[in-house]
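Biologist: I would like to learn how to read a fold from its coordinates. Please take me through one example, beginning with a single strand and working outward.

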Amino acid sequence: MAEFQEDMLFKNVSDKDASILLDILGKKSERVKVWTKKLRHIDPTNYKPDLILELVDGNLIIEFQSTLCDDNFSRRGHSYVALTDQHKKNNKKVNLSVLSTAEDSKIIEYEYNDLNTFRYEVIGLSSLDDEKIINNVKSKLKK
């Protein structure tokens, strides 16, 4: 697939499909509600997050990356978390997890000023069958 096309497959994930993604991320929640929505953007070059989930114990933004999580992505991810936190309708924390076909699992720390570091996790799909996951989501989107 062309660059970024893989990411587009996940833009319209249902509540039921979200549980599959949570399994991949190693997250558990008794209840999952997808609430991805358009957000007012400070910078028009910031796209909207791929998926925002409200879980029992927090809000989770899931980004699907087919490129490396560099500083540009970290800035964008930090914006997603900040904007989601500003517009959330609950008192739960907002976290970011990245499903990546381009790199291995790791924690990224992005220092955005002298006092603060933005941390998020990358889950590398290289150890999983990414084609199977993508095909599974594709078939569910067609239903």
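Modeller: Let us begin with strand S3 in this predicted model. All eight of its eight residues are buried, so S3 is largely enclosed by the rest of the structure.

Biologist: Which residues of S3 lie on one side, and which on the other?

Modeller: On one side are Gly58, Leu60, Ile62 and Phe64, and on the other are Asn59, Ile61, Glu63 and Gln65. All of these are buried, and both faces of S3 are thus recorded as covered.

Biologist: How should I read the pairing of a strand with its neighbours?

Modeller: The general idea is that strands of a sheet pair through backbone hydrogen bonds, either parallel or antiparallel. Here, S3 (residues 58-65) pairs with S4 (residues 94-100) in the parallel sense, over seven bridges. Within that pairing, Phe64 has Leu99 as its bridge partner, and Gln65 stands opposite Ser100. S2 and S3, by contrast, run antiparallel and are joined by five bridges. Across that pair, Leu51 stands opposite Ile62.

Biologist: How many residues lie between S2 and S3?

Modeller: Two residues lie between them, and the two strands form a hairpin. The connection of S3 to S4 involves a helix: S3, H3 and S4 make a right-handed β-α-β unit.

Biologist: What is the order of the strands in the whole sheet?

Modeller: The order is S1-S2-S3-S4-S6-S5, in an open sheet of six strands with mixed pairing. Its edge strands, each pairing on one side only, are S1 (32-34) and S5 (106-111). From one strand to the next, the twist averages 30°.

Biologist: Which strands does each packed helix meet?

Modeller: Helix H2 (residues 15-25) lies across S1, S2 (51-55), S3, S4 and S6 (117-124), and runs at about 115° to S1. Helix H3 (residues 71-87) packs on the sheet as well, touching S2, S3, S4, S5 and S6. The direction of H3 makes about 150° with that of S3.

Biologist: How does one read the packing of side chains?

Modeller: As a general guide, in soluble globular proteins, nonpolar side chains tend to be buried together. In this model, the largest nonpolar core has 17 residues, and those touching the most other members are Leu21, Leu51, Leu53, Ile62 and Leu99. H2, S2 and S3 each supply at least two residues of this core. H2 gives the most, with five residues.

Biologist: Which residues does Ile62 touch, not counting residues up to four places away in sequence?

Modeller: Ile62 touches Leu21, Leu25, Asp50, Leu51, Leu53, Ser97 and Leu99. Of these, Leu51 is also the residue that stands opposite Ile62 in the S2 and S3 pairing.

Modeller: There is also a second, separate core of 15 residues, which includes Trp35, Tyr80, Tyr110 and Phe118.

Biologist: What do the totals for the chain add to this picture?

Modeller: The chain has four helices and six strands, and from the N terminus on its elements run α-α-β-β-β-α-β-β-β-α. Of its 143 residues, 43% count as buried. Among contacts with a separation of 6 or more, 60% are between residues 24 or more positions apart. The exposed surface of the chain is about 8,700 Å², with carbon and sulfur atoms supplying 47% of it.

Conventions. Residues are numbered from 1 along each chain as its sequence is written. This is a predicted model: local features need pLDDT of at least 70, side-chain atom pairs count only at pLDDT 80 or more; totals for chains, interfaces and linings use all residues. Side-chain values use heavy atoms; hydrogens and water are left out. Two strands pair if DSSP finds at least two bridges between them. Axes are lines fitted to C-alpha atoms, for helices over the stretch in contact, and angles run from 0 to 180 degrees between N-to-C directions. Contact means heavy atoms within 4.5 Å. Buried means under 20% relative accessible area, exposed over 50%, partly exposed in between (1.4 Å probe, protein chains only). A crossover is right-handed if, with the strands pointing away from the viewer, the path from the first strand over the helix to the second runs clockwise. A nonpolar core is a set of buried Ala, Val, Leu, Ile, Met, Phe, Trp, Tyr and Cys residues joined through side-chain atoms within 4.5 Å. Accessible areas come from the Shrake-Rupley method with a 1.4 Å probe; for residues, only the protein chains shown count as cover.
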